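Let us walk through the charged side-chain pairs of a model. Keep the viewer open as you read.

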Amino acid sequence: MSGPAMGAMFVILLYLALTLSIGIYSGRQSAKSSEGYFLASRELGPYVMFFTLFATNISAFAYMGAPGGAYHLGVGFFGYLATTTSLAAVFFYVIGYRTWLLGSKYGYMTAPQLIGKIYNSKGVTMVMLLALSVFTIAYMLCQPIGAGYVINAVTGGAVPAYVGVLMVLVFITIYVFWGGLKATAYADLLQGSIMMICVMLALILVTLKLGGPSAAAQSLMTANPELFARGNFSIEQWISFGLVIGLGVPVFPQLFTKYLAAKSSDSLKTTMTLYPLAMILIYIPVLFLGAFGNIVFPGLEGKASDAIIPMLLENYYAPWIGALVLSAVIAAIMSTIASQLITTSTMLLKDLYIPYINKNLSPQREVFVGRVFIFSLALLTCYIALSPPAAILTIVTWAFTGYAVCTPAILAALYWRRSTAAAIICSVLAGEGVLVLFMLGIIPASVLGNWQACVPAITISTLVLIVVSYLTKSGEEERRSIDEKHDFLDTIFKAENA
Amino acid sequence: MNGKVTFWFIMMFLPFLLYVDFWQWNTIYPIVFGWIPWHVFYQVLLNIAMVVMFACFCKYHWPKNHFKD
């Protein structure tokens with residue numbers, strides 16, 4: 001390995017070691033109880049909550065796919081990515097607060113458990129578990145590929161991509177395994193900060209070399225004026241994407257885990273308020289860097305532009321500076337995988353293992369079984385990330401739509417007493433069914449014109465929810481359970497708004 | 001829904017409508033600060049407006065949980 005590559009590797013290892021130390025230190029007391037391990041004892045304060053939610057949501061896509069997209073489509077991508085994600089913050093109140101209230105009162109620990117218990121229905125829990133976990137696991141399996149790619153790039157190819165994948169996964173697994181959600185959340189505090197600071201640093205460093213942002217913009221306007229306009233986007237795409245992100249992001253199961261782990265409503269309030277600001281701080285730098293990439297590296301084709309930020313840094317600066325800035329990418333990847341690991345293992349434990357395999361599992365043993373799931377999922381992730389099958393990549397492409405079609409059912413569970421368990425199940429199955437028909441090409445995408453499949457899928461899931469709710473009637477047990485949860489919520493919401 | 005709830009419902013829904021700024025789809029000028037085209041700056045302003053609106057919502061409307069808050 002050459003000297004510059006060793007410098008880059010040293011910076012990355014230093015960053016990984018720092019993350020690991022914070023994770024292990026903060027999570028040292030967590031494993032004493034099930035709630036402590038899986039939900040950080042429901043003690044996540046406002047700023048930890050903000051950073052962990054932010055870091056969890058921002059994945060490798062923000063640093064690779066987004067600038068790559070801006071390289072080809074222009075800076076108009078900002079509204080498409082940042083504003084849509086900010087809009088999702090509305091649901092931190094609409095879904096998050098009610099979830100937190102019910103979780104605090106009844107001790108729920110996962111999204112499928114919460115929705116299922118509202119209707120006292122194992123069928124609802126199982127359908128929600130299937131719908132949410134398929135996309136989450138597929139998404140998690142593909143994330144480390146980006147880490148391998150980045151580490152390979154900043155070390156000039158000296159460290160093979162598979163070593164990068166293994167390194168990142170080993171570090172994540174250790175701190176998640178050791179400290180559960182608390183370790184994940186506190187590591188996210190560091191990772192979220194790094195993600196914001198480093199990407200702004202990258203914009204400053206690159207634009208300095210281009211003569212400042214105005215000069216860079218002028219050069220781009222002269223060479224590629226279309227990258228400053230929005231001709232590459234249609235209104236239909238714009239609305240479709242707003243629906244997918246606005247409705248899909250707030251029901252990520254890893255976000256539900258965070259809603260449930262909030263210390264008080266202040267944690268959700270702070271997160272909701274600061275979230276749009278964070279989107280500006282992340283997406284303005286990455287998208288302008290992507291577009292400015294055309295000045296230095298014109299003519300890149302396809303996915304080659306995904307590496308535009310590492311390429312720009314490598315072009316102007318020593319590899320260790322590139323590695324320092326690209327720690328942000330690794331931070332984004334690690335924080336997303338860590339949250340997905342702990343959330344998926346909690347769902348498998350609470351919604352599958354305990355109800356169907358070992359009903360008498362003691363609370364002390366829950367942490368042990370949860371750790372077995374974490375370790376197994378990490379091994380699976382490692383295996384898949386080193387050679388991802390095409391089917392997994394296809395599922396990931398459709399993941400956001402897959403989440404978004406669950407949103408009408410989740411909103412009904414939290415707001416609509418008339419909804420029934422049968423309607424929730426039918427709504428999710430119908431929505432996901434439409435999505436599968438488009439995914440397999442049975443319904444050709446061409447029938448949609450410029451619209452995306454999320455529009456018919458969400459429409460169908462909503463219609464099915466309403467129609468089946470009116471056609472079916474809750475049983476006595478189900479009705480009692482629904483009324484109990486809604487009566488509790490009414491004591492807070494109706495009293496306040498009376 | 002009473003007046004207060006209706007007001008906040010509209011306020012929460014408004015950004016979803018304002019996000020689809022079809023009336024200025026390709027309005028590049030003015031270039032703000034010499035490098036941000038107008039349609040991007042508009043979206044930045046919309047995000048800032050959301051920060052202010054969410055802050056007001058949390059302060060004035062977010063219902064208290066009398067059991068825990």
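In which helix do A:Glu476 and A:Arg480 both lie, and how many residues apart are they? Both sit in α24 of chain A, which covers residues 476–497. Four residues separate them, about one turn of the helix. Bear in mind that this is a predicted model.

The two side chains form a salt bridge. Their closest N and O atoms are 3.2 Å apart. A:Glu476 is exposed, with a relative accessible area of 63%. A:Arg480 is partly exposed, at 46%.

Next, take A:Glu484 and A:Lys485. Their side chains also meet in a salt bridge, with an N to O distance of 3.9 Å. A:Glu484 counts as partly exposed, at 40% relative accessibility. A:Lys485 counts as buried, at 5%. Elsewhere, salt bridges with shared partners build one network. Its members are A:Arg417, A:Arg479, A:Asp483, A:Asp487, A:Asp490 and A:Lys494.

Now turn to a pair in two chains. A:Arg230 and B:Asp21 meet through their side chains in a salt bridge of 2.8 Å, N to O. A:Arg230 lies in the loop between α12 (213–223) and α13 (235–248) of chain A, and B:Asp21 lies in the loop between α1 (3–19) and α2 (38–60) of chain B, so this salt bridge joins two chains. Are these partners buried or exposed? A:Arg230 is buried, with a relative accessible area of 0%. B:Asp21 is buried too, with a value of 0%.

Finally, the overall count. Over all chains, a search of the whole structure finds 14 salt bridges.

Key:
Residues numbered from 1 in each chain as written. Chains lettered and ligands numbered in written order. Predicted model: local features only at pLDDT ≥ 70, side-chain atom pairs only at ≥ 80, totals over all residues. Heavy atoms only, no water. Salt bridge = Lys/Arg side-chain N within 4 Å of Asp/Glu carboxyl O. Buried < 20%, exposed > 50% of the residue type's maximum accessible area, 1.4 Å probe, protein only.
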